[in-house]
Amino acid sequence: VSSLTYVAHRSAIRADVTSERLSALTDETRSLIEGISAERPVVVHAFVSKEVPGDFVEVQASLLGLLREMDVRGGEGLSVRIVEPLPYSEEAQEAVEKFGITPRAVQDREGNRTELFLGMAFVSGPREEVVPFLDRGLSAEYEVARALRMVTQDKKKVVGILRTDATIMGNFDLQARRQQPAWRIVDELRKQYE
């Protein structure tokens, strides 16, 4: 076992042996990462708190595993910088001032409030895409792949939304005299498409 471990470590063989495939990337994400060229490099600045409440341990572990896998697979065109900022530290100040990533106050099961960083900034030349906070229930891989596409593609694709009786884009309700907001899917589409 020791010999196999040593050989695997020296040859950079990587495998996800967890039953849930926690550190495995999808083929699409893998090809997106491997397609980043050294001529147009991408730098990922990840601000992840070292200590997180129990509800966010899975999110933190998933994100850190994904970032480390990206760093290994990315080659020369992709560099990943993982920062563990403490409250009111220089790293926390950098996250806020440079990228607009602010700590979020979360409460654990005992009622203790904690300031938590779980944000990322993707920078490629003049293009920048920020994921300010990775909340529970969000797929870390989806957010990373979306942000990578945003900074690496030349221009956004165009998507049209048909107007029907379902007020997807929002509408003014004359009876209630208030504005109905657009559906959340519209905000997600606006991040990726014109």
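**Reading the labels: bridges, rings and cores**

Biologist: What makes Asp55 partly exposed?
Modeller: Its relative accessible area is 22%. Partly exposed lies between the 20% limit for buried and the 50% limit for exposed. So Asp55 earns the label. Note that this is a predicted model.

Biologist: Why are Arg136 and Asp55 called a salt bridge?
Modeller: Their N to O distance is 3.2 Å. The cut-off is 4 Å, between a side-chain nitrogen of Lys or Arg and a carboxyl oxygen of Asp or Glu. So the pair qualifies.

Biologist: How do you know that Arg136 and Asp55 tie together separate parts of the chain?
Modeller: Look at where each one sits. Arg136 is in the loop between strand S6 (127-131) and helix H5 (140-152). Asp55 is in the loop between strand S1 (42-48) and H3. They are 81 residues apart in sequence, so the bridge joins parts that are well separated along it.

Biologist: Is Arg136 buried, exposed or partly exposed?
Modeller: Partly exposed, because its 45% relative accessible area falls under the 50% mark and over the 20% mark.

Biologist: How many salt bridges does the structure hold?
Modeller: It holds 8. One of them pairs Glu34 with Arg73.

Biologist: What makes Glu34 and Arg73 count?
Modeller: Their closest N and O atoms are 3.7 Å apart. That is within 4 Å, so the pair passes. Glu34 belongs to helix H2 (residues 27-34) and Arg73 to helix H3 (residues 57-73), so the bridge ties parts 39 residues apart in sequence.

Biologist: Which label does each partner's accessibility give?
Modeller: Glu34 has 46% relative accessibility and is partly exposed. Arg73 has 29% and is partly exposed too.

Biologist: What makes Glu34, Glu69 and Arg73 a network?
Modeller: Arg73 bridges to Glu34. Arg73 also bridges to Glu69, at 2.7 Å from N to O. Salt bridges therefore link these residues in a network.

Biologist: How are Arg73 and Glu69 placed in helix H3?
Modeller: They are 4 residues apart, so about one helical turn separates them.

Biologist: Why is Glu69 called buried?
Modeller: Its relative accessibility is 7%, and buried means under 20%, so the label follows.

Biologist: How many aromatic pairs are there?
Modeller: The count is 2. Phe47 and Phe99 make a tilted pair, 6.0 Å centre to centre with 45° between the planes. Phe47 is in strand S1 and Phe99 in helix H4 (residues 90-99), 52 residues apart. Both residues are buried.

Biologist: Why is that pair called tilted?
Modeller: Ring centres must lie within 6.5 Å, and 6.0 Å meets that. Stacked needs planes under 30 degrees apart and edge-to-face needs over 60, so 45° falls to tilted.

Biologist: What makes Phe56 and Phe133 edge-to-face?
Modeller: Their planes are at 70°, with centres 6.0 Å apart. Over 60 degrees is edge-to-face, so the name fits. Phe56 lies in the loop between S1 and H3, and Phe133 in the loop between S6 and H5, 77 residues apart. Accessibility is 4% for Phe56 and 8% for Phe133, so both count as buried.

Biologist: Which residues touch the most other members of the largest nonpolar core?
Modeller: Met70, Leu78, Leu118, Phe122 and Leu148, out of 32 residues. The elements giving two or more residues are H2, S1, H3, strand S2 (78-83), strand S5 (118-124) and H5.

Biologist: Which residues does Met70 touch?
Modeller: Leaving out residues up to four places away in sequence, its contacts are Ile33, Val44, Leu78, Val80, Phe122, Val144 and Leu148. Another core, of 9 residues, lies apart from the largest one and includes Phe47, Ala95, Phe99 and Ile101. Nonpolar side chains tend to be buried together in soluble globular proteins.

Biologist: What makes the nonpolar surface patch?
Modeller: Val159, Ile161 and Met169, covering about 220 Å². Val159 is in the loop between H5 and strand S7 (171-173). A patch residue needs over 30% relative accessible area, so Val159 at 35% clears that step.

Key: Residues numbered from 1 in each chain as written. Predicted model: local features only at pLDDT ≥ 70, side-chain atom pairs only at ≥ 80, totals over all residues. Heavy atoms only, no water. Buried < 20%, exposed > 50% of the residue type's maximum accessible area, 1.4 Å probe, protein only. Patch = residues over 30% accessible without salt bridge, like charges linked within 9 Å, V, L, I, M, F, W, Y side chains within 5 Å. Areas by Shrake-Rupley, 256 points an atom, 1.4 Å probe, with all protein chains shown as cover. Core = buried A, V, L, I, M, F, W, Y, C linked by side-chain atoms within 4.5 Å. Contact = heavy atoms within 4.5 Å.
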